[in-house]
2 protein chains.
Amino acid sequence: MSSSEHDNMSESSNLDPASNESTFSPYSGTSPSQIVPELANGIIELTCEDAIRENKPYLRIIEEPVDYFRFRYRSEMLGTHGCLLGRNSAQVKKSKSHPTVELCNYNGSALIRCSLARHNSSLEHPHKLTEEDQDRDITSLLPLRGSYKVAFSGLGIIHTAKKDIPTLLYKRYSQELKQNEFNERKLRMQCENETKNINLNIVRLMFTAHDVTTGAPICPPVFSQSINNLKSAATNDLKICRANRYYGRPNGGDTVYILVEKVNKKNIAIRFYELDEIGDKVWEDRGHFLQSDVHHQYAIVFTTPPYRDTKTKTDVKVFFELLRPSDGRCSEPKEFTYIADVYNRDVKKRKAESYSSLGSSGGSVKSFSDLPLTLDFANTLTKKEMDIDPMPILPPNNYIPPTPPLKLRLDGRRVVTERV
Amino acid sequence: MSSSEHDNMSESSNLDPASNESTFSPYSGTSPSQIVPELANGIIELTCEDAIRENKPYLRIIEEPVDYFRFRYRSEMLGTHGCLLGRNSAQVKKSKSHPTVELCNYNGSALIRCSLARHNSSLEHPHKLTEEDQDRDITSLLPLRGSYKVAFSGLGIIHTAKKDIPTLLYKRYSQELKQNEFNERKLRMQCENETKNINLNIVRLMFTAHDVTTGAPICPPVFSQSINNLKSAATNDLKICRANRYYGRPNGGDTVYILVEKVNKKNIAIRFYELDEIGDKVWEDRGHFLQSDVHHQYAIVFTTPPYRDTKTKTDVKVFFELLRPSDGRCSEPKEFTYIADVYNRDVKKRKAESYSSLGSSGGSVKSFSDLPLTLDFANTLTKKEMDIDPMPILPPNNYIPPTPPLKLRLDGRRVVTERV
DNA sequence: GAAGGGGTCACCCCCGAC
DNA sequence: GTCGGGGGTGACCCCTTC
């Protein structure tokens, strides 16, 4: 209902040559939805503004990637399974967008590289980006048809097997360090430990700009918003597929069966809330269930919380949704109606609504068939039980590592790059 | 309720020396539940009777194994996960039984071997039996404390990885055949094909008796009933864990949510039935749902069938259960009550039961809250959709291969055996 | 074919009862 | 601890639909 509705994007991968003005303002030539581009973190925004003031080159993201995407193992890459779209891609065909970046305040040729960074640091992620069937750095040469904007279409995210990651890190570090600068066994241990701190279900795109001839970085990198692995119960899209009832009594305690997409019983809650006329949240409570009421990750049996006014004289429309405490994400809400108890209603209403015949359909008064209630449900979720990833000891979020230079080789419009 | 209730077994692994009479009757010295022992197939029984008539030795199964057991991969065998029990093991502790076999009409020493056979042929199964941490043939030397009965306790079933099976078969066949009797490539192909026809989720125990000195078979083998892998959706125990309602209207169409153990949406049905006073089935119908109403193998939303008498004047107790068409197995039934429509009841009853107040608990008349009903459900399960294993082209069920002789080596009471 | 999904195999753990 | 289970996960393999 809410989060999937966007303006039908005007930015697409077919870049408009008319918008190719070398401007200092980040607010030019884009659709209304991008007047305030969402940046990966505060420091980038500052950097941009500094760059604008000082007339220095900078990168800015014009189209963010979608926030949910299925990471694929290399063995799954025989066929094709769709590419990473832009956040504003329309569901309908023919208006797809792709992650897009613009190099501002710059003249002449430049090379834009797209790679994967970790979600909570600027370090490289062990997963790999892929472009169609090619297995090399994802780069694009600018200007492209006169534009300094480039859309990366056809991207996929290759899920590196967990067991391969320590070795991968070891290779990387042992190459970077001189032969005598490290102790092999110790470095291997460090890589094992670092592996534990890498979240394999969240990545960010990292864009870097390089001088075409030297490979030297032109400006600081920019990072996209996080992209969550759609296949993992820790990061997937929460969804209530179906429920057996969408109404209950104001004193709560009604049993509801919901069928949901994969959840983790240690890290899931059900939030009821009410919005007033202007959309502000005026009440909130939780559905009650035990971990054992979560059935194999795909169904939850819970009891409704009491409404804030158990003697309400009128029916009240509220919402309920899934909530994942570890990252605060929630599902699309479902409507739920607290049906005012017939004895609390105004006399006029009571006459009209009560005593409707058993088994008739379509009446506005529902009856409550789940009585007597199952008692003693309690929401026992505790911080300890939720298995939240401990915050790893890593560079803070706003630390930007120096962009390494690239070794370049031209290959048509594509540039083959290697780490120096 | 029904299938798990048995006499509390008197046969246990502690064999009673008193029952060690060399008798010709298979009906002696066992508990009432074994007066008619269940034999794996008809031909065995004939063989037994022939053997009895002719005074020849024969094997008979005294305690069958349980029919559901979790097969474990070798990598899961670090800890301990419980052993294969006898079918009549009591749920309460201290009265466990184990698969038990008796060698009849025989004097002197004999060696009883237990191994795994396929469910639909007498051929050896690629899975392995294990006994505690030992990895060798499971054998026992008879007589044991004067008895010709032997219980195999501490058995586990090791799940051979599917990808390893062609190689395993190839090794076996290429050893059995002479060097020039086979074409390597062709044999490998045959092994690939044979692998497809082996059901890795069903095994049977095969018991063979051997002369201690020569290893020659003493009598034909006997086979236990099938043992199904508890972890596979194709063979596991069907179970309705929870349902949101256990009653409905006689004309049916009420929506029921059930939470179930892992099922295959292409191979599952819901059967309603009614028993008369003497336990005969007098009515049967199906719950209606689409494959898409099966939620990730763990929940089903269905609508109830109409009762045979939609105008019943009294409430009717019936049952519903899960049914797996491929093998005809079903879950424990749950009770379901068709509540007579209030207008069809006898006048006296109507007075007492109708118009009870909304929201009160404990009354015998339930109300129906799921109206209006979801329409247009239809049970569309067809034979074609059920993905039933095709019957492989293999020896018929009653074919018994000649028992191969064993190469023997004594090691205390245990005998180390090798295939000749 | 493309673009999405769902299910499975093999493995890795977890827990509660002793 | 260990026993006797049980649930979840990573990697992979398929299947629907267009």
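## Around DNA strand D

The residues of the surface near DNA strand D split into two nonpolar, nine polar and eleven charged. Here, "near" means that one of a residue's heavy atoms lies within 4 Å of the strand. As for the classes, Ala, Val, Leu, Ile, Met, Phe, Trp, Tyr, Cys and Pro count as nonpolar, Asp, Glu, Lys and Arg as charged, and the others, Gly among them, as polar. Keep in mind that this is a predicted model, where local features need pLDDT of at least 70, side-chain atom pairs count only at pLDDT 80 or more, and totals for chains, interfaces and linings use all residues. Residues are numbered from 1 along each chain as its sequence is written, chains are lettered from A and ligands numbered from 1 in the order in which they are written, and side-chain values use heavy atoms, with hydrogens and water left out.

Which residues come nearest to DNA strand D? Of the 22 residues around it, they are Glu76(A), Arg70(B), Thr80(B), His81(B) and Lys231(B). On the DNA side, 52% of the strand D atoms within 4 Å of the protein belong to sugar or phosphate, and the rest to bases.

## Polar contacts with strand D

A polar contact is a pair of N or O atoms within 3.5 Å; within protein, one must be able to donate a hydrogen and the other to accept it, and residues adjacent in sequence count only if both atoms are side-chain atoms. Glu76(A) puts a polar side-chain atom 2.6 Å from a base nitrogen of DNA strand D. Phosphate oxygens of this strand get partners too: a polar side-chain atom of Tyr73(A) lies 2.9 Å from one, and a polar side-chain atom of Lys266(B) lies 3.4 Å from one.

## Over to DNA strand C

DNA strand C is surrounded by 20 residues, and the closest are Arg70(A), His81(A), Lys231(A), Glu76(B) and Lys162(B). Of the strand C atoms that come within 4 Å of the protein, sugar and phosphate account for 53%. Sorted by class, the surface near DNA strand C has two nonpolar, eight polar and ten charged residues.

What part of DNA strand C is 2.3 Å from an N or O atom in the side chain of Lys231(A)? A base oxygen. Tyr73(B) has a side-chain N or O atom 3.0 Å from a phosphate oxygen of DNA strand C, while a polar side-chain atom of Ser75(B) lies 3.4 Å from a sugar or linking oxygen of that strand.

## Two sheets

Strands of a sheet pair through backbone hydrogen bonds, either parallel or antiparallel. Two strands count as paired if DSSP finds at least two bridges between them. Helices (H or I, at least four residues) and strands (E, at least two) are DSSP runs, numbered from the N terminus.

In chain A, three strands form an open sheet in the order 1-4-8, with antiparallel pairing. Strand 1 (58–63) and strand 8 (149–151) of chain A sit at the edges with a single partner strand each, so one side of each has no neighbour in the sheet. Five bridges link strand 1 of chain A to strand 4 (residues 100–104) of chain A, and Arg60(A) stands opposite Glu102(A) in strand 4. Chain B has an open sheet of three strands in the order 3-9-6, with mixed pairing. Its strand 6 is joined to strand 9 (residues 155–159) of chain B by four bridges, and the two run antiparallel. Leu129(B) faces Ile157(B) in strand 9 of chain B.

## Crossing helices

In chain A, helix 2 (residues 165–176) and helix 3 (residues 184–196) pack at an angle of about 125°, with their axes 8 Å apart. Axes are lines fitted to C-alpha atoms, for helices over the stretch in contact, and angles run from 0 to 180 degrees between N-to-C directions. That makes helix 2 of chain A oblique to helix 3 of chain A; angles under 35 degrees count as roughly parallel, over 145 as roughly antiparallel, 65 to 115 as roughly perpendicular and the rest as oblique.
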